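Here is a walk through one protein model with a bound ligand. Keep the structure in view and follow along.

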Amino acid sequence: MLSRTIEMASATDLAGFRQAARRLIVEQVPPEAVTWTLSYQGLGDLFAEAPHAPTTAPAESTWAAPPQAPPPLVPAFFLPLCQTAILHREPRRFALMYRLLWRLQHQPALRHDTLDEDRGQLEDLARVVRRDMHKMTAFVRFRTVDEGTSPEPLHIAWFEPDHHIVEATAPFFQRRFTHMRWAILTPERCVQWDGAQLSFQPGARREDAPAADAGEQLWLTYYEHIFNPARLKVKMMEREMPRRYWHNLPEAALIAPLVASAHQRSGGMIERGPQDMVKRLPKSMPLKVSTAASAHDARASMNLAQLSSACQHCRDCPIGEHATQAVFGEGPAHAALMVVGEQPGDQEDLRGHPFVGPAGQLFNRAVAQLGWDRQQFYVTNAVKHFKYEVRGKRRMHKTASQAEADACLPWLEAEIAQVRPKAIIALGATAARQLLGRPVPITKTHGQWLKRESDGLPVLITTHPSALLRAQDDARAAAYTQWLADLRQATEHIPA
Ligand code: URA
């Protein structure tokens, strides 16, 4: 049996693998006769895996021109499985992929055998790769560098993935941080986004990444405050945040001392007894209360810019995990009027500013018609992250649950405490409910000023602009006129 040696141009050269595998199938070369190697820097042996190299050319086998033959027939699962499994560092992945391909050609029933051992091994590789990609999306921490050469600062992160996942994971960061300039450095491959396109460079060293910045110190202070010793489950925490990632996570430096003191701190909480908690907290609050109290202290000491920066890291509810970024309020630090919407929409989520999408445009139109200037008031939302479900290619707005909106309430209250407006406009039911602490029927109360119990601030209730956009054609004009009339009542709080 004639043996073959196939040189792959890089560790993730799927195009090269497909081309070579196709020839091998056509020439009836069985898997046992093939040795797969990496050509990079002549480090041929797959058992001494070379670093990931840029793909310069598809893999070339050592024999003649490609035969004009149809591609091998493969079931639908095969290619996606190879696309992910090839990113694993396992040196035998090419051989495994080819063996399964070969067997699929010779044993047609195999395509239905989900328990096949080769397929199972590839699926295991793919699972590990997906997990590595997920961890990269969760544990990359950017540090801001102001090079002074661009109005936009550069955000740089250092990360050490286990597998060849940088290219495959880069589009996630491109989507999430579209409006930032950023770079992620790893030992094997670096990726950069300049606001318009992704580019990839060879690996870097840890020292190439910048040291901690001021934003990080704030994040650490916040993390320390929200750490709840009574809820500490070390095993679970380690499962979610494996120790091997800790050395690159700023907050991990706090974990060891916080864990060490947790027993003592939670013991103290138990000794102080339940009265201590009951006195400070409403009954319905979950166990997280002591955390909430200290997080409140942390927020109380922050200005608006610091709050906005800390809010980017908030994961007190699951929405933030899927949003591009937190969209914090904007406007003069001590505006007399604050306008509160529900939550950022698709456009706001991508651009990082409140009310810039279709609802924002309608709002701007009303503002212009009222003779107001948007620069004169502070605009924010009750919920800071975009909650959505994906339908086809679109991200459709989903209303935040009460628990999710409540998790976000401390950010809104911190904004109110900082801005100290004289009055607030609540756009829609979510804003009204969060501001007033009770459900408010908009159809009955729109145009009325209701008082907040906590600080006596007057809140003008009115419709959310999205409701006007959704209104039937024949009702829209009247609803808009009514909305203008509601809003006009706040004119006294717009500086002349
Ligand atoms: N809807 C809102 O409530 N807020 C926004 O920022 C955008 C749409």
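Two strands count as paired if DSSP finds at least two bridges between them. The model shown is predicted. With that rule in hand, look at β14 and strand β15, residues 458-462. Three bridges join them, and the two run antiparallel. One facing pair is easy to find: L450 stands opposite V459 in β15.

Now widen the view to the sheet that holds them. Five strands form an open sheet here, in the order β10-β9-β13-β15-β14. Their pairing is mixed. Which strands stand at the edges? They are β10, residues 378-381, and β14, residues 449-451. Each has a single partner strand, so one side of each is left without a neighbour in the sheet. From one strand to the next, the twist averages 30°. Helix α18 packs on this sheet and spans residues 473-488. The helix touches β13, residues 423-427, and also β15. Its direction makes about 175° with that of β15.

Turn next to another sheet. This one is open too, with five strands in the order β4-β5-β6-β7-β8 and mixed pairing. The edges belong to β4, at 143-145, and β8, at 198-202. Each of these has a single partner strand, and so one side of each lacks a neighbour in the sheet. The twist here averages 20° from one strand to the next.

Look at the β4 edge. The partner of β4 is strand β5, residues 154-158. The two pair in the antiparallel sense over three bridges. In β5, L154 is the bridge partner of V145. Then find helix α5, residues 166-176. Helix α5 lies across β6 (181-185), β7 (189-193) and β8. The helix runs at about 145° to β8.

The last stop is the ligand. Which residues are around it? They are G341, E342, Q343, P344, G345, E348, P354, F355, N381 and H464. This shell divides into three nonpolar, five polar and two charged residues.

Three atom pairs are worth finding. A nitrogen atom of the ligand lies 3.0 Å from a backbone N or O atom of Q343. A polar backbone atom of F355 is 2.8 Å from an oxygen atom of the ligand. H464 takes part through its side chain: one of its N or O atoms there is 2.6 Å from a ligand oxygen atom. How much of the ligand does the protein bury? Taken alone, the ligand exposes 230 Å², and the protein buries 95% of that.

Key:
Residues numbered from 1 in each chain as written. Predicted model: local features only at pLDDT ≥ 70, side-chain atom pairs only at ≥ 80, totals over all residues. Heavy atoms only, no water. Helix = DSSP H or I, 4+ residues; strand = E, 2+ residues; numbered from the N terminus. Axes fitted to C-alpha atoms, helices over the stretch in contact; angles between N-to-C directions. Contact = heavy atoms within 4.5 Å. Near = heavy atom within 4 Å. Polar contact = N/O pair within 3.5 Å; in protein donor to acceptor, adjacent residues only side chain to side chain. Areas by Shrake-Rupley, 256 points an atom, 1.4 Å probe, with all protein chains shown as cover. Nonpolar A, V, L, I, M, F, W, Y, C, P; charged D, E, K, R; others polar.
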